[in-house]
Structures are given as C-alpha cells and as structure tokens.
Amino acid sequence: MEKLVEALQLPKDLMLGAMNVKLVGQYEAYIENYKSILEYNDKVIVIDGKYTRVTIVGEKLRIVCFSKDDMTIKGCLDGVTFS
C-alpha cells in the first residue's frame, strides 16, 4: 500500500493513517490523526496513533483544544519521543 501511495504522490499521513506532529518552537505541539490519549498530566502526555505512540515530556503541559482528529498541546516542551 505504501508503494502505491508514493507512486501516486498522495499524502502519506492521510492515506496511511499516520500521525502528523508539528512543533512550534519549544512551547506548542499540533497533532493530527491520533487514536487516543493514554496518559495526561502537567509533565507527560502520551498519545496513541495507528502505527506509533508519541510521548511529550515537559513542564506545565496542557491540551488547550482537541477534536476526534487533532489536538494542540501547550507548555514548555522538553522532549518528544516516538515508540
């Protein structure tokens, strides 16, 4: 499927259901195509996707808005890891 998406030059994130993570400096993260929030406190937010899990670590973290498809996280982001 991935080769077909590449051959047709379609957006991978939409066609394969991959998460799209956009960082705006050290203070904001915008996440699209997530499945669920696994952990949420002011120091760690763990988000599950179709193929990967994203962990955001920092200080004063908060989800300022979210829908079933996307969310915005603000705070002082210290690290982002994918597993």
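Author: A strand here is a DSSP run of type E with at least two residues, numbered from the N terminus, and two strands pair if DSSP finds at least two bridges between them. This is a predicted model, in which local features need pLDDT of at least 70, side-chain atom pairs count only at pLDDT 80 or more, and totals for chains, interfaces and linings use all residues. Residues are numbered from 1 along each chain as its sequence is written, and side-chain values use heavy atoms, with hydrogens and water left out.

Reader: In what order do the 6 strands form the open sheet?

Author: The pairing in this sheet is antiparallel. At its edges stand β1 (20-24) and β3 (36-40), each of which pairs on one side only. Read across the sheet, the order is β1-β2-β6-β5-β4-β3.

Reader: Which residue in β2 is the bridge partner of N20?

Author: Strand β2 covers residues 28-32 and runs antiparallel to β1, with 5 bridges joining the two. Within this pair, L23 stands opposite A29. The partner of N20 is E32.

Reader: Which residue in the turn between β1 and β2 has a positive phi?

Author: The two strands form a hairpin with 3 residues between them. The positive phi, about 60 degrees, belongs to G25.

Reader: Which side chains of β2 are buried?

Author: In a regular strand the side chains alternate between the two faces of the sheet. Buried means under 20% relative accessible area (exposed is over 50%, partly exposed in between; 1.4 Å probe, protein chains only). In β2, E28, Y30 and E32 point to one face and are not buried, whereas the other face receives the buried A29 and I31.

Notes:
Helices (H or I, at least four residues) and strands (E, at least two) are DSSP runs, numbered from the N terminus.
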